[in-house]
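Please explain how the helices and strands of this protein are arranged, taking one region after another and building up the picture slowly.

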Amino acid sequence: MSLPGAVVTLGQFIISRQSDYPYAKGELSRLLRDIGIAAKIVNREVNKAGLVDILGAAGDTNIQGEEQKKLDVFANEQFIAALKAGGECCAIASEENDDIIIIDNEISRNAKYVVCMDPLDGSSNIDVNVSIGTIFSIYRRVSLSGPGTVEDFLQKGTEQVAAGYIIYGSSTMLVYTTGFGVNGFTLDPSIGEFCLSHPDMQAPLDGNIYSINQGNFVHFTPAVKEYIKYCQEEDLENGRPYSLRYIGSLVADFHRNLIKGGIYIYPPTLKSPKGKLRLLYECNPLAFIAEQAGSKATNGMQRIMEIQPTDIHQRVSLYIGSTKMVEKAEQFIEATKLDLNKSI
Ligand code: P6P
């Protein structure tokens, strides 16, 4: 253990917690280290995005039909390069790539892990200097050896061995879990290290912040409309009306709610009838962190991490945050289902 007040770097912390995995031989530790290295490189470019001609669309569009901005492409390339160089990952599923990326070199071919990632979430905010983030999720491969396969990625979120995010904001933080709690590290640019700043993060059980794009209100289900009205009612004893905070960057909204308490909702909309957010590299990793921090993550009816994936870019609805707030929103959904059953 470190002396009180001593700086604990991400690398020191990862090694110190390696004993959480009795059979670990260091591969997962090295994989997390590789992600930390790429995060520092991406952070450097994010911080100067306003200064160099790295803004603007790269011209292509990704599988989501979203314009790829150069920083999206740069971040994707950096994380892929770091994972390839580290040799601990045999394949990657990235938001920016239609198909899985097989890492088929001598070292990585038989590596134990696969990584799902959204290399730069919220990238539409790059040009307006709003916080953006990277989200990652790590699984043990299910294929026995050789090149990674799609089946290695189509595992339930409950099978994740680690998950985390980097938020490039007023400071840059890396927050992750390996199933033994959630810990946050803040990048100290003077030494180029992520340092333990938020040990054993626990989210408030309740909150008074709700995050949703109310611009879609007319297309929301009756249950979501009822829940929004509930948030807006005056009930001063119970902290209502709640505050609406919606940054348009999932990692930033999630991180604030994790610390202050709150709920983030992305329900079905006209444009995204199955929900907008991706199960593998947005919802599952944040659900793992939420649950490890004492919060909750569902699709409105089912635990996110219990959903069986069928496609690497699958979208789901997401209700994530303080347990009491998620459960309240679920009550409105349940009540609507009951009303629906009565009317049938
Ligand atoms: P909308 C960014 O594209 C993202 O995936 C999340 O980071 C964010 O919360 C959401 O979509 C914003 O979507 O439809 O409200 O603009």
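**Strands and helices, region by region**

Within strand E17, Leu 318 is the bridge partner of Tyr 266. The model in which this pairing is found is a predicted one, and the pairing itself is part of a longer match, since strand E13 (residues 263-266) and strand E17 (residues 318-321) are joined in the antiparallel sense over four bridges. Another of the partnerships with E17 is that of Ile 263, whose bridge partner there is Gly 321.

These two strands belong to an open sheet of five strands, which has mixed pairing and the order E12-E11-E13-E17-E15. Strand E12 (243-244) and strand E15 (296-298) stand at the edges with a single partner strand each, and therefore one side of each is left without a neighbour in the sheet. For E15, the pairing with E17 is antiparallel and runs over three bridges, and within it Ala 297 stands opposite Ile 320 of E17.

It is worth pausing on the side chains of E17. Leu 318 and Ile 320 point one way from the strand, whereas Tyr 319 and Gly 321 point the other way, and all of them are buried.

Helices also lie against this sheet. Helix H5 (residues 250-260) lies across strand E11 (209-211), E13 and E17, and its direction runs at about 160 degrees to that of E11. Helix H6 (residues 279-292) packs on the sheet as well, where it touches E15 and E17 and makes an angle of about 30 degrees with the direction of E17.

How many of the 11 residues of H5 are buried? Nine of them are, and so H5 is largely enclosed by the rest of the structure. The buried residues are Leu 250, Val 251, Ala 252, Asp 253, Phe 254, His 255, Arg 256, Asn 257 and Leu 258. After the helix comes Gly 261, which has a positive phi, near 95 degrees.

We can now turn to another part of the chain, beginning with a strand. All six residues of strand E3 (residues 89-94) are buried, so this strand is largely enclosed by the rest of the structure. E3 is joined by five bridges to strand E5 (residues 113-121), and the two run parallel; in this pairing, Ser 94 stands opposite Met 117 of E5. E3 is also joined to strand E4 (residues 101-102), in this case by two bridges and with the strands running antiparallel. Ala 91 has Ile 102 of E4 as its bridge partner, and the connection from E3 to E4 is a hairpin that passes through six residues.

The last step concerns a pair of helices. Two packed helices are described by the angle between their axes and by the distance between those axes. Helix H2 (residues 27-47) and helix H3 (residues 70-86) pack at an angle of about 155 degrees, and their axes are 9 Å apart. Because angles over 145 degrees count as roughly antiparallel, H2 is roughly antiparallel to H3. The crossing of H2 and H3 is right-handed. Among the residues that make the contact are Leu 31, Ile 35, Ala 38 and Val 42 of H2, together with Leu 71, Phe 74, Ala 75 and Phe 79 of H3. Taken as a whole, the residues of this contact between H2 and H3 divide into 13 nonpolar, two polar and three charged.

Definitions and conventions:
Residues numbered from 1 in each chain as written. Predicted model: local features only at pLDDT ≥ 70, side-chain atom pairs only at ≥ 80, totals over all residues. Heavy atoms only, no water. Buried < 20%, exposed > 50% of the residue type's maximum accessible area, 1.4 Å probe, protein only. Pairing = 2+ DSSP bridges. Axes fitted to C-alpha atoms, helices over the stretch in contact; angles between N-to-C directions. Parallel < 35°, antiparallel > 145°, perpendicular 65-115°, else oblique. Left-handed = near helix turned anticlockwise from the far one by under 90°. Contact = heavy atoms within 4.5 Å. Nonpolar A, V, L, I, M, F, W, Y, C, P; charged D, E, K, R; others polar.
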